[in-house]
Amino acid sequence: EAAPKSLREGKWIPVACWGDCGSKGFNKVYVVDGVITRSGTDDTITDSPTCPQLRSCAKGRAQRNRILAPDRLKYPMKRKHWAPGGGEKELRGRDGWVRISWDEALDILASEIKRVVGKYGNTAVYMPSSATGTGTYTEVERALKLYGGFITDWASCSSGTWTATGPAIGLPRSRSGTGEDLNDGFDLANAQLIVLWASNPAWSRAGKPVYALLQAKKAGARFVVVDPFFHPTAAAMGVSTDDWLPIRPATDHALVLGMMHTLLVEDDPVSSPLVNWEFLHKYTVGFDRDHMPAGADAKENLKDYVLGTYDGQPKSAEWAAEICGVPPERIRALARLIATTQRVTVIMSPAPARVNDAQSWPQVITALGAMTGHFGTPGNCVGSDAGHAWLMEGPELVKGGTWIGRPSDFPDRPRVVNPVRIAVNRNELWDAVLTGKYTAGKDDVRDINIQMMYFGKASRLNQIPGAVKGIQAFRKVEFVASQDMFMTPHCAFSDLVLPITSRWERFGEVSTSFRDSLLWTSQAIEPLFESKDDIWVARELAVRLGVDPDVVQPYSSKQDIFNQVAAARVISDDGTTYEPLVTITQADIDKLGVVGTPQQGRIGFWEFKEKGIYHFPRKPGDKFGHIVLKDFVDDPREHPLASPSGKIEIHCQTLADKIEAVGFSKIRPIPAYTPPTEGYEDTFSDWDKKVKGEYPLQLLNLHVPRRAHSNFDNTRWLQEAFPNLAMMNPLDAAERGLRNGDTVVIRSRHGKVLTRVAIYETIRPGVVGMGQGAWIDWDDELGLDRGGCTNILCGAIPTGEGHQGWNSCNVQVEKWTGKPLQPDHKRPLRVIEG
Amino acid sequence: MKQKAWYFDASSCIGCKTCEMACKDTNDLQVGVRLRRVREYGGGHWIVRNGFEQPAGVFTYFVSTSCMHCQEPPCVNVCPAGAMQKREEDGIVVVDSEKCIGCGYCQWACPYDAPRLDPTTHIMRKCDMCIDLQDRGEKPACVANCPMRCLDFGELEELRAKYGDVDTIMPLPSGDVTKPSFVVTPPKYPSQSAGGRIRDLMEA
């Protein structure tokens with residue numbers, strides 16, 4: 001009898017995982033006769049807490065089930081009732097599909113681009129910015145740039161208000177460029193107290209980061225949790241719910257002000273030193289009237305604002321408690337605990353910065369860190385994780401590719417400039433399509449006429465707020481084209497859909513994981529069905545548009561990957577300079593048939609390719625650690641910050657001016673509290689009398705283990721393990737007569753969704769917790785989404801720096817009296833045979 | 001007698017279900033067949049005090065289980081076809097797919113709900129501790145993939161020497177019932193006496 005296939009002789013091949021999840025594990029697959037039989041993870045090194053294997057998460061281990069799924073797009077398709085100019089546009093999203101050849105598909109794409117550009121100009125063509133998410137490359141953008149360009153969009157999404165506010169107040173640009181920064185992972189073990197503030201890496205940064213936290217727990221750190229949700233990270237860190245401050249979403253700023261007030265009124269230099277005045281005076285400006293930046297109004301200081309000196313409203317713990325829902329005695333206790341503990345690490349996700357009008361949030365939390373002196377020394381830092389380097393901060397120890405393997409970003413390819421310089425804020429994108437207007441700056445609203453949308457990447461329909469308007473926008477323009485692996489929501493509302501290969505079907509990629517490992521993943525299988533990679537699509541499109549395909553992509557894939565491997569760098573023993581990582585011989589170059597130069601590195605070319613991973617060896621106390629603001633704190637004269645004062649700007653005119661120039665709202669130079677649009681206060685129709693309004697609950701938009709944004713939502717194994725649901729507290733559920741598993745309709749000012757409710761004591765009352773990224777399953781008859789997409793509920797509300805405010809959204813929940821929803825894994829996959 | 005066993009650290013499991021996915025992948029399991037399963041168990045309630053909603057005794061933790069390769073396995077005893085067998089050499093309980101008639105008695109008898117019917121082949125599937133991988137010097141897939149290093153396997157006596165001899169945690173039945181080959185580190189909070197329930201929607 002033949003051995004089972006999984007045991008037959010095959011070969012392990014390192015393969016990509018590219019979902020922009022905020023983490024990155026290592027995956028490999030076992031291939032027997034061209035067929036993947038099972039997958040595995042990192043076993044290239046002996047596992048230890050200081051040098052752990054880079055193990056993948058549930059998504060990584062379900063990747064095979066995703067890539068080899070029956071709902072992969074198989075052939076190019078056009079919408080049944082499509083015609084040049086749109087045809088029956090209102091049928092987008094519910095029309096049938098017709099299988100076509102690649103030639104016909106590319107001809108349609110090119111001719112519609114030519115038609116729209118000919119009729120309206122290049123400013124009528126829209127393509128999304130940021131390449132994260134779908135895993136597609138950006139070559140189609142290069143083709144369109146060569147053809148005269150297109151308009152695009154802008155916003156801060158992941159990092160929220162840290163993007164503009166962090167650098168403005170003087171925080172150094174970390175790897176994310178946003179001013180978000182934390183200490184090196186090893187330094188966690190130096191903290192006596194770790195505050196997890198809106199931070200649940202068990203869900204949002206699966207894999208290595210939470211294992212680093214576990215080492216801090218084992219070293220004896222006490223954990224405190226500030227979050228509307230007592231999450232799995234809290235549970236695994238052994239936190240008692242007595243150490244959980246169940247805060248309302250979008251009210252973090254008020255809590256911090258209440259803590260500051262406590263510190264100010266209870267501070268006594270002799271009997272109870274709570275405020276680190278020395279730190280404030282040496283390293284900051286704007287905290288009190290005697291330490292203001294040049295030219296500032298002395299009354300406009302944070303201390304007098306907190307004490308209510310001029311506005312008559314002390315921002316006391318009682319004032320804060322009314323807003324944030326944490327009792328005043330617990331606000332005071334947390335303030336004292338942070339102030340009186342020597343080594344405190346406050347870790348937060350950017351979630352509190354993804355709130356409407358939250359542009360002063362990074363400033364106020366940084367001010368709290370300064371007030372308590374928790375910066376610049378081991379065990380101390382107060383900040384947000386740097387987007388995609390979670391708890392693994394500091395300069396890269398290895399460099400190469402990018403963190404999601406995006407060769408298009410690689411610097412050796414000539415840059416192609418977009419001749420069109422128009423970008424619409426994402427909060428206004430669908431409105432811009434529908435109304436023909438967008439905001440270009442302060443008092444500057446301009447006309448725009450978007451008639452074509454081309455999604456070569458980025459799931460805009462599903463992944464930005466205001467999706468009901470998005471659907472209308474999709475049905476308004478003359479042409480929509482998408483390329484993807486699956487019938488994603490934006491594909492479903494397109495006229496033309498092109499099937500794209502997964503990265504397991506491509507030549508390979510080089511990408512970093514955290515700061516200390518570099519991955520080189522390779523092709524495991526041939527392209528499925530008729531799918532093609534984006535580079536091929538872009539070159540074919542270029543030919544049809546009459547632009548040079550060799551400018552679109554100048555190298556073969558083999559040369560491209562070789563260039564990336566050759567360019568990979570590793571930090572030198574001096575801890576500051578970099579040297580080549582990979583040893584390449586002339587024989588290697590000849591064998592590959594590429595252009596290159598031999599070099600000496602630390603790992604051989606073929607060894608790296610076979611293993612697929614290079615681990616930079618670390619040990620505690622080595623010279624590769626990182627402490628936020630250490631140079632500045634050690635010597636502020638020698639290492640001033642990039643702000644005008646050279647210090648942390650608690651009064652920051654630069655920020656106030658910047659926000660005003662954007663054109664959506666105004667702020668004060670000090671971090672005064674602005675009630676967020678659709679925050680907690682807006683759940684009331686009468687705040688003073690405490691009368692609740694039509695939308696009395698707050699939506700908490702969570703990263704869930706099922707998905708990386710919208711990626712993996714259609715993966716059966718993950719659907720079964722992590723059903724989509726709305727978490728509600730038993731008090732709210734009882735008030736509405738809801739039982740576990742009931743189908744509910746959730747309404748906001750912007751749209752309606754159906755989902756199933758799960759009753760959790762671990763989510764605070766007044767809050768509905770839902771995972772972001774569920775695919776829109778729009779029901780035209782009912783006018784609602786059966787998929788449970790939170791962007792149907794969230795409004796696209798431009799405020800502050802034009803960031804996206806997903807955690808400020810008011811909702812109401814009711815039991816659904818129609819047909820109950822099936823569990824996700826029992827609903828049909830979007831299998832389209834054409 | 002040799003007895004292979006599981007260790008599980010409930011005090012640091014994050015419920016990420018990587019073990020479940022690794023099991024699915026290694027054993028090529030379709031939806032509906034979960035040979036390893038992570039469940040969330042929790043409880044407590046909320047009270048309003050001084051106008052503020054406050055948690056009272058709220059707790060939560062995760063339990064990852066598969067077949068416990070019990071020392072007194074009821075699945076073996078009830079199987080009318082003699083398909084369910086406990087191996088002499090290591091105490092691993094396996095199902096002989098040639099003999100299995102898919103009657104489901106074993107699943108009904110198992111207090112851990114471990115054997116599962118494969119809806120395509122109509123025979124029972126169950127965890128065999130990845131014996132084919134172990135034969136090749138690999139660890140069971142769930143153990144090798146756990147991002148928190150919460151899972152371990154080995155000889156029962158060795159695991160007990162290393163991790164203690166607790167074999168019961170809510171919502172699992174008392175270890176007295178089937179003598180599971182299982183060692184668990186309970187979470188710090190709460191005490192197990194606190195009333196709770198399985199939270200997962202799929203399992204409710």
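I began with helix 8 of chain A, where helices are DSSP runs of H or I with at least four residues, strands are runs of E with at least two, and both are numbered from the N terminus. In this predicted model, 13 of the 15 residues of that helix are buried, so helix 8 is largely enclosed by the rest of the structure; buried means under 20% relative accessible area, exposed over 50%, and partly exposed in between, with a 1.4 Å probe and protein chains only.

I noted as conventions that residues are numbered from 1 along each chain as its sequence is written, and that chains are lettered from A and ligands numbered from 1 in the order in which they are written. Local features need pLDDT of at least 70, side-chain atom pairs count only at pLDDT 80 or more, totals for chains, interfaces and linings use all residues, and side-chain values use heavy atoms, with hydrogens and water left out.

I then looked up the largest nonpolar core, a set of buried Ala, Val, Leu, Ile, Met, Phe, Trp, Tyr and Cys residues joined through side-chain atoms within 4.5 Å, and found 163 residues in it, with A:Ile194, A:Trp197, A:Met260 and A:Trp361 having the most contacts inside. Its largest share, eight residues, comes from helix 8 (residues 252-266). For A:Trp197, I listed contacts (heavy atoms within 4.5 Å) beyond four places in sequence, among them A:Leu255, A:Met259 and A:Trp361.

I turned next to A:Gln342, which is found in the loop between helix 12 (328-340) and strand 12 (344-348) and, at 59% relative accessibility, counts as exposed. Leaving aside neighbours within four places in sequence, A:Gln342 is in contact with A:Gln192, A:His374 and A:Asn380; A:His374 is 32 residues away in sequence, and 8.0 Å away from C-alpha to C-alpha.

For aromatic pairs, I used rings of Phe, Tyr and Trp (its six-membered ring) with centres within 6.5 Å, planes under 30 degrees apart being stacked, over 60 edge-to-face and the rest tilted, and the count over all chains came to 28. The rings of A:Phe230 and A:Trp244 have centres 5.4 Å apart and planes at 50°, so I entered the pair as tilted, and both residues are buried. A:Trp520 and A:Phe608 form an edge-to-face pair, 5.4 Å centre to centre with 70° between the planes, which links strand 22 (residues 517-522) to helix 22 (residues 605-611) across 88 residues.

Finally, I checked pLDDT, the predictor's confidence in each residue from 0 to 100: the mean for chain A is 93, and 96% of its residues reach 70 or more, but over residues 131-137 the value is below 50.
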